[in-house]
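Reader: I should like to learn how to read helix packing, salt bridges and cysteine pairs in a structural model. Could we take these features in turn, beginning with a pair of helices?

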Amino acid sequence: MSWAWLHRLGSPKWFYGRFKAWPKPLFCLACLCLMVAMVWGLAIAPPDYQQGNSFRIIYIHVPAAILAQSCYFAMGMAGVVYLVWQIKMSPIFLQAVAPFGALMAFIALVTGSIWGKPTWGTWWVWDARLTSVLVLLFLYMGVIAVQSALEERSLADKTAAVVSVVGLLNLPIIKYSVEWWNTLHQGATFSITEPPSMPMAMWLPLLFAVIGLYLLSAAVILWRMQTEIMRREARTQWLKQEVLSDGV
Amino acid sequence: MHAVRRKRLLFIVLIVSLLASALGLVLYALQQNINLFYSPAQIAAGEAPLETTIRAGGMVEKGSLARQPDSLTLAFNVTDFQHSLRIEYTGILPDLFREGQGVVALGKLRGDGVFEASEVLAKHDEKYMPPEVTDALKSRQMSSESSY
């Protein structure tokens, strides 16, 4: 099997040139999707028969929680790729994705507790789902801390990759926490194999919000990766030429 | 794949699977501590300690809620449809507290088998519905009941 494509993707120069123009249109598309989702979800979608309007926080909570886990999965995979193939781009990706993922986990926790107060009657309980998502946030913070605390670049990259790979074990725990143990958090409303326990007028705006947030994450991560490439490759000839030809 | 990289990949897979099994064993051993609450069946089987602060949870049994007219004290049964547990509580219930809904109560199990709660939380299920749908469901249910 040929791994040439992976090596090309691993070249900062090739990556920079290839994706230079992508973030802006992705960002615009993401804003459009999110705007549709927010107006539709927060104003037009019907209220829930029990929770009334407070259920609408689902349009922020669920997409943020999904993104927090997806970002971690991507980060862990980048960690594996770095540890095995030592490709230059993977720590750059890792560094770009960690703060975004941490923000998503934080938003999921905050919106969850805002919803929990009126619905459950408490801001926080130490049930398996809430605790494992808190651990996810700490893992993100650990990766960020390791990346910025260690002076030597290759050591920092390697340690962050190890942390992110080990942390992958938390993902199945988050997903199945509501099935393996008694928790206050309810089970999943959505699954691939079964129809959603929610009418279409409610889940369609949620779908827009999830797609919009994925697009936003792509835009933000690409932007951050470009910045990081410029920082790491600051001394190279190709980047000097690139910047000069941009007329900056 | 280059031999060195294959070795590194195998090493990572080995380490991660070792960690996964260690973690799995730990979580399995701590299962009772990770469970947020005892179910009525576990309490009926005597698994829950007496006079210790624990959580108990289940569905509020239909028609079991009894309020005292002159105070905030109330009592209800929670059930898992096999066993049921009497819960006594003084205080304000969450908005979502309803008969037929799941709840989780924090408190102590007394020797006489009644659970004295100091906090009651509502457990929401994963189903969401607009009010018109439930109205329609209710009216259909009522019309079918009235046809008996």
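Author: Let us begin with handedness. Helix 3 of chain A and helix 9 of chain A form a left-handed crossing. By class, their contact has 24 nonpolar, three polar and one charged residues. Please keep in mind throughout that this is a predicted model.

Reader: At what angle do the axes of helix 3 and helix 9 of chain A cross?

Author: The axes of helix 3 (residues 23-44) and helix 9 (residues 200-232) of chain A cross at roughly 155° and come within 8 Å. Angles over 145 degrees count as roughly antiparallel, and helix 3 and helix 9 of chain A are therefore roughly antiparallel to each other.

Reader: Which residue may serve as an example from helix 9 of chain A, and is A209(A) buried or exposed?

Author: A209(A) is a residue of helix 9 of chain A. Its relative accessibility is 1%, so A209(A) counts as buried. Sequence separation and spatial separation may also be read side by side: A209(A) and F138(A) are 71 residues apart in sequence, and their C-alpha atoms are 25 Å apart in space.

Reader: What is the angle between helix 4 and helix 7 of chain A?

Author: Helix 4 (residues 58-85) and helix 7 (residues 153-167) of chain A pack at about 130°, and their axes are 8 Å apart. That angle makes helix 4 of chain A oblique to helix 7 of chain A. The crossing of helix 4 and helix 7 of chain A is left-handed.

Reader: Let us turn to charged pairs. How many salt bridges does the structure hold?

Author: Over all chains there are 10 salt bridges. In one of them, K20(A) pairs with E242(A), and the closest N and O atoms are 2.7 Å apart. K20(A) lies in the loop between helix 2 (12-19) and helix 3 of chain A, while E242(A) lies in helix 10 (residues 237-245) of chain A, so the pair ties together parts that are 222 residues apart in sequence.

Reader: How are K20(A) and E242(A) classed by accessibility?

Author: The threshold for buried is under 20% relative accessible area. E242(A) has 19% and so counts as buried, whereas K20(A), at 32%, is partly exposed.

Reader: Which residues does R110(B) meet in salt bridges?

Author: R110(B) forms a salt bridge with D112(B), at 3.3 Å from N to O. R110(B) also forms one with E116(B), where the closest N and O atoms are 2.6 Å apart. In accessibility, R110(B) is partly exposed at 21%, E116(B) is partly exposed at 41%, and D112(B) is exposed at 53%.

Reader: Which residues are linked in a network of salt bridges in chain A?

Author: The network links R153(A), D157(A), E228(A), R231(A) and R232(A).

Reader: Finally, how many disulfides are counted over all chains?

Author: A disulfide is a covalent bond between the sulfur atoms of two cysteines. The count here is zero over all chains. C28(A) is in no disulfide, and the nearest cysteine sulfur, that of C31(A), is 6.6 Å away.

Reader: Why is C33(A) too far from the closest cysteine sulfur for a bond?

Author: The cut-off for a disulfide is a sulfur pair within 2.5 Å. The closest cysteine sulfur to that of C33(A) belongs to C31(A) and is 9.9 Å away, so the distance is too far for a bond. C33(A) is itself buried, with a relative accessible area of 14%.

Definitions and conventions:
Residues are numbered from 1 along each chain as its sequence is written. Chains are lettered from A and ligands numbered from 1 in the order in which they are written. This is a predicted model: local features need pLDDT of at least 70, side-chain atom pairs count only at pLDDT 80 or more; totals for chains, interfaces and linings use all residues. Side-chain values use heavy atoms; hydrogens and water are left out. Axes are lines fitted to C-alpha atoms, for helices over the stretch in contact, and angles run from 0 to 180 degrees between N-to-C directions. Helices (H or I, at least four residues) and strands (E, at least two) are DSSP runs, numbered from the N terminus. Angles under 35 degrees count as roughly parallel, over 145 as roughly antiparallel, 65 to 115 as roughly perpendicular and the rest as oblique. A crossing is left-handed if the near helix is turned anticlockwise from the far one by less than a right angle, and right-handed if clockwise. Ala, Val, Leu, Ile, Met, Phe, Trp, Tyr, Cys and Pro count as nonpolar, Asp, Glu, Lys and Arg as charged, and the others, Gly among them, as polar. Buried means under 20% relative accessible area, exposed over 50%, partly exposed in between (1.4 Å probe, protein chains only). A salt bridge is a side-chain nitrogen of Lys or Arg within 4 Å of a carboxyl oxygen of Asp or Glu.
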